[in-house]
Amino acid sequence: MALMIVILGGGPAGRLAAIRLASAGREVTLVEKGGIGGQCLHYGCMPVCAMNDVARHIQAAGTFSELGILRKAPDLDFEALLREMAKVQETITGVLDKETRDAGVEILYGQEGRFDGREVVVGSERLIGDAVILCTGSRPALPDIEGIRNERVYTPHSLKTMKALPERLAIIGGGIMAAEFAYIFSRFGSRVTVISRSGFLKNLDETIRKRAVRELAGVEIREGTDVLAVRDSKENLEILVKNGGKEGVLACDAVLVAAGLTPNSGMLDGVTKRPNGEVIVDDYMRTNLPGIYAAGDITGPPFLTPVARLQGIVAADNILGQHRKMDYSAIPQALNLGYELAFCSDNNPRAKPLVIPGVAGPGTFWAVPASDTGFAKILVAPDGALSGMATASPGGGLIAGYMALLMRRHFSVHDFSDFIEVHPSTDGVYGLAKYASELLKKHEKR
């Protein structure tokens, strides 16, 4: 008899788990209140990609205009951008829905499900399953600030309701999300101020952080600054800020809160959680309750779509009896500005860095006059093992993904001796690995 599996949440974790289980012959019911695809499609990755594409186009057109190659720079229609972006999101939603149903998954739309400690409940109906996977995702973290719920204060979830491009935009947050929106809106033409309670991008590789600050030239970044209140004035908003004991007022037309994410677990009872709402799981994605699993953003950072997908698959595989562990080593990440600023590391303290400027190629050829071709960086352990990488290039994210896999497979720089890359390319990482191999060999001969 086929097992009945209930999955609460149709984001990356829940959807991939559902497909995995249905493909293995299990009966799967997926409960999703809104559109399938989760935060990534509707509020996160995809909207950022959509707006970033336009921002990069504006930046590139500006460069070509300065060089006299193009005679006119593009003029943004912000309302059209949001409208057309929503149409594409709707198309992607339809594709994901069909793909999931074609795998044999039953999808229940329209009502928010909850977990009562035993079963998933949708309205008055109880869905009794042999196993349950909780994948209710996350929501924007909203700081406890006076006036933060003002109608002109937006989050990534409400950004689509913005009526017009703000002339002056204040962004509250100091992480990757804040940096990406700062780049987008500054290229759109807004005057952007980033207000970071601590250091801006403080947890990133220092080379990546410096590169990001360079790409955000023109954006005012206020570090070590607390937001005390957001208040209406006659013509704009006023933000009361405090830095080092000194208070001040910042005037703007809109505020975007980009202060990270928090687990959306309020509808989940019975499972053990941390004080911030994270559902506690083991390496097999099991909660404290037998047969109840959790995956994706409700289990906490790093809040990355590929991690959520893998967590969902690991949970599914364990339901199928495979006893599979989740591997969090060398997770690749990217910060998307003008270039993709991508990185991964195994945090080996003995690894040494090698850094070179980025190479000229697709997407960087016209950056040569400004000496702005990005960079490539690797971290090499004394025995030649790859311990990390970072790059700023048009295809940095793709490079980081493959390099992370090689790191998990314990590749060394010597394994690149006969590697042949595609040319032309903007990737300097693989060539840098070859160079590191030669340096180590010369050192060993001494």
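This report describes the nonpolar cores, one antiparallel sheet and several salt bridges of a predicted model.

**Nonpolar cores**

The largest nonpolar core holds 42 residues, and the members that touch the most others within it are Ile171, Phe181, Ile184, Phe185 and Phe188. Helix H5, spanning residues 176–188, supplies the largest share of this core with eight residues. Once its neighbours within four places in sequence are set aside, Phe181 is in contact with Val48, Met51, Pro156, Leu159, Ile171, Leu256 and Ala258. Ile171 thus appears both among the contacts of Phe181 and, like Phe181, among the core members that touch the most others. Apart from this core lies another, of 27 residues, which includes Ile7, Val105, Ala131 and Ile133. As a general background to such groupings, nonpolar side chains in soluble globular proteins tend to be buried together.

**The sheet E13-E14-E15**

Three strands in the order E13-E14-E15 form an open sheet with antiparallel pairing. E13 and E15 are the edge strands, each of them pairing on one side only, and from one strand to the next the twist averages 25°.

Strand E13 (residues 226–232) runs antiparallel to strand E14 (residues 237–243), and six bridges join the two. The hairpin that connects E13 to E14 passes through four residues, and within this pairing Arg231 has Glu238 as its bridge partner in E14. On the other side, seven bridges join E14 to strand E15 (residues 246–252), again in an antiparallel arrangement. Here the hairpin has two residues between the strands, and Gly244, which lies in the turn, has a positive phi of about 60°. Val241 stands opposite Gly248 in E15, while Glu238, the bridge partner of Arg231, stands opposite Ala251 in E15.

**Salt bridges**

The structure holds 22 salt bridges, and the following table sets out three of them.

| Salt bridge | Closest N to O distance |
|---|---|
| Arg101 and Asp97 | 3.1 Å |
| Arg152 and Asp232 | 2.7 Å |
| Arg286 and Asp282 | 2.7 Å |

How far apart in helix H4 are Arg101 and Asp97? They are four residues apart in this helix, which covers residues 78–102, and are therefore separated by about one helical turn. As for their surroundings, Arg101 counts as partly exposed at 36% relative accessibility, whereas Asp97, at 18%, counts as buried because its value falls under 20%.

The side chains of Arg152 and Asp232 also meet in a salt bridge. Arg152 lies in the loop between strand E8 (138–140) and strand E9 (153–154), whereas Asp232 lies in strand E13, so this pair ties together parts of the structure that are 80 residues apart in sequence. Strand E13 is also one of the edge strands of the sheet described above. Arg152 counts as partly exposed, with 22% relative accessibility.

In the salt bridge between Arg286 and Asp282, the arginine, Arg286, is partly exposed with a relative accessible area of 35%, and Asp282 likewise counts as partly exposed, at 28% relative accessibility. Beyond these pairs, salt bridges that share partners join Arg211, Arg214, Glu215 and Asp372 into one network.

Terms used:
Residues are numbered from 1 along each chain as its sequence is written. This is a predicted model: local features need pLDDT of at least 70, side-chain atom pairs count only at pLDDT 80 or more; totals for chains, interfaces and linings use all residues. Side-chain values use heavy atoms; hydrogens and water are left out. A nonpolar core is a set of buried Ala, Val, Leu, Ile, Met, Phe, Trp, Tyr and Cys residues joined through side-chain atoms within 4.5 Å. Buried means under 20% relative accessible area, exposed over 50%, partly exposed in between (1.4 Å probe, protein chains only). Contact means heavy atoms within 4.5 Å. Two strands pair if DSSP finds at least two bridges between them. Axes are lines fitted to C-alpha atoms, for helices over the stretch in contact, and angles run from 0 to 180 degrees between N-to-C directions. A salt bridge is a side-chain nitrogen of Lys or Arg within 4 Å of a carboxyl oxygen of Asp or Glu.
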